[in-house]
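User: Hi! I have a structure to go through and would like some help reading it. Could we take it step by step?

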Amino acid sequence: MNYDQIFDQAIDRLHSEGRYRVFIDILRNKGAYPNARCFAHHNGPQPITVWCSNDYLSMGQHPKVIAAMEEALHDVGAGAGGTRNIAGNTHYHIQLERELADLHGKEGALLFTSGYVSNDATLSTLGKLLPGCVIFSDELNHASMIAGIRNSGCEKRVFRHNDVAHLEELLAAESPEVPKLIAFESVYSMDGDVAPIHAICDLAEKYNALTYIDEVHAVGMYGPRGGGISERDEAAHRIDIIEGTLGKAFGVMGGYIAADTKIIDCIRSYAPGFIFTTSLSPVLAAGVLAAVRHLKQSSEEREGQQAAATTLKALFREAGLPVMNSTTHIVPLMVGDPVRAKKISDILLAEYGVYVQPINYPTVPRGTERLRFTPGPTHTEAMMRALTGALLEIWDRLDLELARAA
């Protein structure tokens, strides 16, 4: 068995399909986001503008967040020192879970080390706790949700994206006695569209199903206090389990679920992904705690981000660039070819100091490769106009089609 050959062939396949991923070597400039430094040049670091970060509101640079982390570091040290069950529980963790439960109007919350882990651990554990459970999953659900459903060992039914009629067909086909769970997202991060939450909850009530919503691209971003689309649409009370991240709009790291105390206690007590992993550093928990508290009180960052997204979409449309329809803060630009998407990204970085990663399969279906822009409250209109001009020049250089419907 030639192991090296197998590994070489696996990587060669990615290169041939234009899907090989390259990590960009950068450092953000504290207090000056979206400005950063790129170390890809032989003559030292070069200034760049970051356009693809999920730190949507620049909270990773917020003075309150940084100050809270510095204070915690000097108060308790760097790491948690163990799992939550063994030495890794701190007052920061408890306070943060209380704030997150309050954010979503739930009885309790539970922290994880990432949004991926929170989805995988919770969904897989729920499936094992509910005998014979069938999980109904939107076809565009995140890989972490798919992994959790697969690891649950449950039967699954995949419904067409945001298609409540198809979901009802699948629900109606199951026995009324079978436990059911509907898993979906609020904001789908690659297309930027939103789930019909109330319609899904209506079906859940009709067919006695639990509801599980992934709000990772919406928490902090929507609602009067940043509770997500479920808060904005006044639907949080209808959702059994709300899952979110601490590494996007809140600007730090981690994941969580919010639900009633029975569900929280079950996941805390049975989920291997929670039980057997070192808990989130108290320094990170302190930073998130500051971010959550700030965004509960301040809408300035949300309003600035929404204004920036609206402006960039308008500039792209006016220029004839193939911006996809999006009702949220996500601004996807359709390319439709992995090699060209990578080429555009490379030119933007090397010649214009613009950093945006190409989004290729398996993150999106083949033939829908794109560039995904996430303008924030600190991106200026001058930056957006410069970006639009750069894209137009590259589109012309590569003889790409303008004003293509997407």
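User: Thanks! To begin, which helix does R232 lie in?

Analyst: Happy to help, and please keep in mind that this is a predicted model. The helix in question covers residues 229–232. R232 therefore belongs to that stretch, and the helix is α8.

User: Is R232 buried, exposed or partly exposed?

Analyst: Buried would need under 20% relative accessible area, and exposed would need over 50%. R232 has a relative accessible area of 41%. That value lies between the two cut-offs, so R232 is partly exposed.

User: Which residues does R232 touch, leaving aside those up to four places away in sequence?

Analyst: A contact here means heavy atoms within 4.5 Å. With residues up to four places away set aside, the partners of R232 are V194, Y222 and G223.

User: Let's turn to α2. How far apart are its end C-alpha atoms, and what span should its residues give?

Analyst: Helix α2 runs over residues 63–76, which makes 14 residues. At 1.5 Å a residue, the helix should span 20 Å. The distance between its end C-alpha atoms agrees with this, at 20 Å.

User: Where do the buried residues of α2 sit around the axis, and what do they pack against?

Analyst: The buried residues in α2 are V65, I66, A68 and A72. They sit on the same side of α2, because they cover an arc of only 160° around the axis. Facing away from that buried side are the exposed residues P63, E71 and H74. The buried residues pack against two helices, α3 (91–104) and α11 (282–297).

User: Now for β4: how many of its residues are buried, and on which faces?

Analyst: Strand β4 takes in residues 108–112. One side holds G108, L110 and F112, the other A109 and L111, and these are all buried. Both faces are thus covered, and the count of buried residues is five of five.

User: Which strand is joined to β4, and which residue stands opposite G108?

Analyst: Five bridges join β4 to β12 (residues 255–259), and the two strands run antiparallel. Within that pairing, the residue of β12 opposite G108 is A259.

User: Which element gives the largest share of the lining of the second largest pocket?

Analyst: This pocket has a volume of about 160 Å³. Its lining includes G108, A109 and L110, along with T261, I264, D265 and R268. Both β4 and α9 (261–270) supply at least two lining residues each. The largest share is four residues, and the element providing them is α9.

How values were computed: Residues are numbered from 1 along each chain as its sequence is written. This is a predicted model: local features need pLDDT of at least 70, side-chain atom pairs count only at pLDDT 80 or more; totals for chains, interfaces and linings use all residues. Side-chain values use heavy atoms; hydrogens and water are left out. Buried means under 20% relative accessible area, exposed over 50%, partly exposed in between (1.4 Å probe, protein chains only). Two strands pair if DSSP finds at least two bridges between them. The expected span of a helix is 1.5 Å times one less than its number of residues. The arc is that of the directions from the helix axis to the C-beta atoms. On a 1 Å grid over the protein atoms alone, a cavity is a set of points where a 1.4 Å probe fits but cannot get out, and a pocket is an open set with protein on both sides within 12 Å along at least five of seven lines; lining residues have an atom within 4 Å of a point. Grid points are joined across faces, edges and corners, and a volume is the space filled by probe spheres set on the points.
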